[in-house]
Amino acid sequence: PNYTSVSDLSNMTNIKIEKLIRDLTKMGFTNVTHNYILSREYVELVLSSYNYKVEEQTSVLTPETVYDELKSPVNPKNLMKRPPIVTIMGHVDHGKTTILDYLRKSSIVSKEHGGITQHVGAFQVETPISKRRITFLDTPGHAAFLKMRERGATITDIVILVISAEDSLMPQTLEALKHARNSGNQMVVAITKIDRFSNPKQREAAIEKVNLDMMNHEIPIERIGGDVQVVPISARTGENMELLEESIVLLSDVMDLKAETGAQATLEGYILESEMKKTTGNVSTILITKGELRKGKVLICGNTYCKVRSIKNENGQEVAKATPAQAVEITGWKDLPGAGDEVIEVKNEATAKKYVAKRVALIQTLKESENVDRLNEERATKV
Ligand code: GTP
Ligand code: MG
């Protein structure tokens, strides 16, 4: 699992819960209770501090793992609160795009810059009441996400499950629900299009129907003691949209989302999009998960690397740095990196070249051994 509560961890390891809480607090985690949620990275960190063997991975080097040794180990001292990363899922036409458009337009961030939003596959809003940032990814179905999912990387924290008050649960709602459950994402439900009912009684009845259908599908909504918040909204009139944003902030506080930032942490992230532009050359959008991106840093990804020449935010403005849960557009890639590929910072270009060469050689060896296997198979069948 990507997230484990302290009490689950205690059950799994037979380490007393009081001891876990005490030791976690010593390690720098704050407000630890039995409900406290740890991400997989931190579970591994905690377990290793108890000399608990985390299933020794027989380290077979693959093209996917060849750069892993470049990553810096987790240092709880560098942990900082980070914005949640949110995707919107739901049945076709239930209002996913309309919600994103509304948020994009109403966000203070884009208002400040005259609302010129560029398409970078992700954007941040500042919530109107609590002044907190939320990162929305607007293309959960696209290639980058499928590729990341294949490798078991979940970069999203929260799924907004969109359900139209007119239709209630539909086949793709159930698909999205299944996905949210499998990925270990937390969920908030938005019942959309409530403005379609001018009669308050009818509106209440429609919302009630969605609630009952959710209970029938065992969605643990708050009404039955679960933790899934339900917010009836209209993305057309904006009704309750602030409430929806605050629900996400509330949930992200419970999840206690943190990432390492600062100069000591080695930058990590994922390529969301990648494109060759006539004017600027190879451009990619990178979602940062750890560290701090600055101009001049060297990044490695697949069989290519990048000396970062420029960093632009989603409004197309140059920025000096970017931090976890931010998606920014960067230039400076030697070759185009692939969408969904992992990005890691390296010390300098020489190191980048060395590791790229190592990966290329590994891929070559794997190809050759595949060929040998195939030859052997062919011979065996001939005999
Ligand atoms: P797909 O991308 O095709 O899966 O659809 P979607 O979920 O992105 O739905 P979209 O946002 O495109 O909305 C579908 C239609 O419903 C559009 O005509 C929207 O204008 C309308 N719509 C979405 N949200 C609301 C709402 O809150 N109120 C009303 N009245 N209409 C809405
Ligand atoms: Mg859409």
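This report walks through a sheet, the helices that lie across it and the nonpolar cores of a predicted model.

## The sheet

Let's start with the strands. Six of them make up an open, mixed sheet, ordered β5-β6-β4-β7-β8-β9. At its edges are β5 (122-126) and β9 (229-232), each of which has a pairing partner on one side only. From one strand to the next, the twist averages 30°.

At the β5 edge, the partner is β6 (residues 133-137), and the two strands run antiparallel with five bridges between them. Here you can find Glu 126 opposite Arg 133 of β6.

## Helices across the sheet

Two helices are worth bringing up in your viewer. Helix α4 (residues 96-106) lies across β4 (85-90), β5, β6, β7 (158-164) and β8 (186-192), and its direction makes an angle of about 145° with β4. Helix α9 (residues 241-255) lies across β4, β5, β6, β7, β8 and β9, at about 170° to β8.

## The nonpolar cores

As a general point, nonpolar side chains in soluble globular proteins tend to be buried together. In this model, the largest nonpolar core has 24 residues, and Ile 99, Phe 136, Ile 160 and Leu 244 are the ones that touch the most other members. Two or more residues come from each of β4, α4, β5, β6, β7, β8 and α9. Helix α9 supplies the largest share, with six residues.

Leu 244 is a handy residue to click on: beyond its neighbours within four places in sequence, Leu 244 contacts Ile 160, Val 188, Ala 190, Val 231 and Ile 233. A separate core of 21 residues lies apart from this one, and its members include Ile 163, Met 187, Ile 194 and Phe 197.

Definitions and conventions. Residues numbered from 1 in each chain as written. Chains lettered and ligands numbered in written order. Predicted model: local features only at pLDDT ≥ 70, side-chain atom pairs only at ≥ 80, totals over all residues. Heavy atoms only, no water. Pairing = 2+ DSSP bridges. Helix = DSSP H or I, 4+ residues; strand = E, 2+ residues; numbered from the N terminus. Axes fitted to C-alpha atoms, helices over the stretch in contact; angles between N-to-C directions. Contact = heavy atoms within 4.5 Å. Core = buried A, V, L, I, M, F, W, Y, C linked by side-chain atoms within 4.5 Å. Buried < 20%, exposed > 50% of the residue type's maximum accessible area, 1.4 Å probe, protein only.
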